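Hello,

Here is the structure I promised to pass on to you. Have a look at it first, and then read on for what I found in it.

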Amino acid sequence: MAKQIKLTPQRLSELQEELKYLKTVREKEVADLIKEARSFGDLSENSEYDEAKNEQGKLFSRIAEVEAILENCVIIDEQEISENAVSLGRQVTVEDLEDGTRETYTVVGSQEADPMNGRISEDSPFGKALMGKEKGTEVTVEAPVGTLRYKIVEVSKN
């Protein structure tokens with residue numbers, strides 16, 4: 001059985017739109033590239049044809065990947081999310097206990113993670129340390145740079 005992938009309703013919508021685009025617009029574009037490259041003659045020495053076929057392979061691979069995600073996804077129901085505890089779909093503000101800096105993150109499924117934009121995966125060491133904890137709780141995270149300590153300052157709906 002495939003691993004269930006947790007998605008927010010927003011991410012589900014984004015993936016459905018991407019799949020629609022890939023199967024309609026992008027697939028036609030790649031088919032046109034292949035058709036054009038074939039018109040150049042001898043396929044054995046045709047780099048344009050090879051590149052177009054590689055692009056087609058990448059496209060089909062991405063389509064299969066998105067379809068697999070959609071087939072195995074579980075939508076995060078915001079009604080079931082605890083008001084006070086860190087959980088999927090929640091926004092959490094933490095304070096670094098070493099230097100006092102504060103950061104705000106949204107806890108998301110692994111498919112939606114984007115740490116540079118404040119979206120951390122529940123499967124990451126930081127996400128795992130935060131999950132289920134409430135405001136005021138201190139957490140420690142084992143990281144390559146050593147043990148990091150944080151205090152949960154606020155938990156809110158995204």
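Arg149 touches Glu95, Asp96, Leu97, Glu138, Val139 and Thr140, leaving out residues up to four places away in sequence. Please keep in mind that this is a predicted model. Arg149 is found in strand E7, and with a relative accessible area of 44% it counts as partly exposed. If you want a sense of distance across the model, try Arg149 against Glu65: they are 84 residues apart in sequence, and their C-alpha atoms are 36 Å apart in space.

Strand E7 also takes part in the aromatic story. A search of the whole structure gives 2 aromatic pairs. In one of them, Tyr105 and Phe126 meet edge-to-face, at 5.4 Å centre to centre and with 80 degrees between the planes. This pair links distant parts of the chain, since Tyr105 sits in strand E4 (residues 102–108) and Phe126 in helix H3 (residues 125–130), 21 residues apart. Tyr105 and Phe126 are both buried.

Why is the pair of Phe126 and Tyr150 called tilted? The ring centres of Phe126 and Tyr150 are 5.0 Å apart and their planes stand at 55 degrees, so the pair is tilted; planes over 60 degrees apart would count as edge-to-face. Because Phe126 lies in helix H3 and Tyr150 in strand E7 (residues 146–157), this pair ties together parts that are 24 residues apart in sequence. Tyr150 is buried, as is Phe126. Taken together, Tyr105, Phe126 and Tyr150 form one aromatic cluster.

Now to the helices H1 and H2. Val30 lies in helix H1 (residues 9–38). Is Val30 buried or exposed? Its relative accessible area is 1%, so Val30 is buried, the limit for that being under 20%. Apart from neighbours within four places in sequence, Val30 is in contact with Ala52, Glu55, Gln56 and Leu59. The C-alpha atoms of Val30 and Gly57 are separated by 9.9 Å, with their positions 27 residues apart along the chain.

Lys53 has its place in helix H2 (residues 47–71). With a relative accessible area of 34%, Lys53 is partly exposed. From C-alpha to C-alpha, Lys53 and Ala37 are 9.6 Å apart in space, and they are 16 residues apart in sequence.

Finally, the chain as a whole. Its secondary structure comes to 3 helices and 7 strands, and along the sequence these follow the pattern β-α-α-β-β-β-β-α-β-β. How does the radius of gyration of the chain stand against that of a compact globule of 158 residues? The chain has 22 Å, whereas such a globule would have a value near 15 Å. The C-alpha trace spans about 70 × 35 × 30 Å along its principal axes.

Of the 158 residues in the chain, 33% are buried. Among contacts with a separation of 6 or more, 51% are between residues 24 or more positions apart. The chain exposes about 9,900 Å², and carbon and sulfur atoms supply 47% of that area. As for charge, there are 21 positive and 33 negative charges in the chain, and their mean positions are 3 Å apart.

Happy to talk any of this through whenever it suits you.

Best wishes

Note on methods: Residues are numbered from 1 along each chain as its sequence is written. This is a predicted model: local features need pLDDT of at least 70, side-chain atom pairs count only at pLDDT 80 or more; totals for chains, interfaces and linings use all residues. Side-chain values use heavy atoms; hydrogens and water are left out. Helices (H or I, at least four residues) and strands (E, at least two) are DSSP runs, numbered from the N terminus. The radius of gyration is taken over C-alpha atoms; the globule rule is 2.2 Å times the number of residues to the power 0.38. Buried means under 20% relative accessible area, exposed over 50%, partly exposed in between (1.4 Å probe, protein chains only). Contact means heavy atoms within 4.5 Å. Accessible areas come from the Shrake-Rupley method with a 1.4 Å probe; for residues, only the protein chains shown count as cover. Lys and Arg count as positive and Asp and Glu as negative; His and the chain ends are not counted. The place of a charge is taken as NZ of Lys, CZ of Arg, CG of Asp or CD of Glu. Rings of Phe, Tyr and Trp (its six-membered ring) pair if their centres lie within 6.5 Å; planes under 30 degrees apart count as stacked, over 60 as edge-to-face and the rest as tilted.
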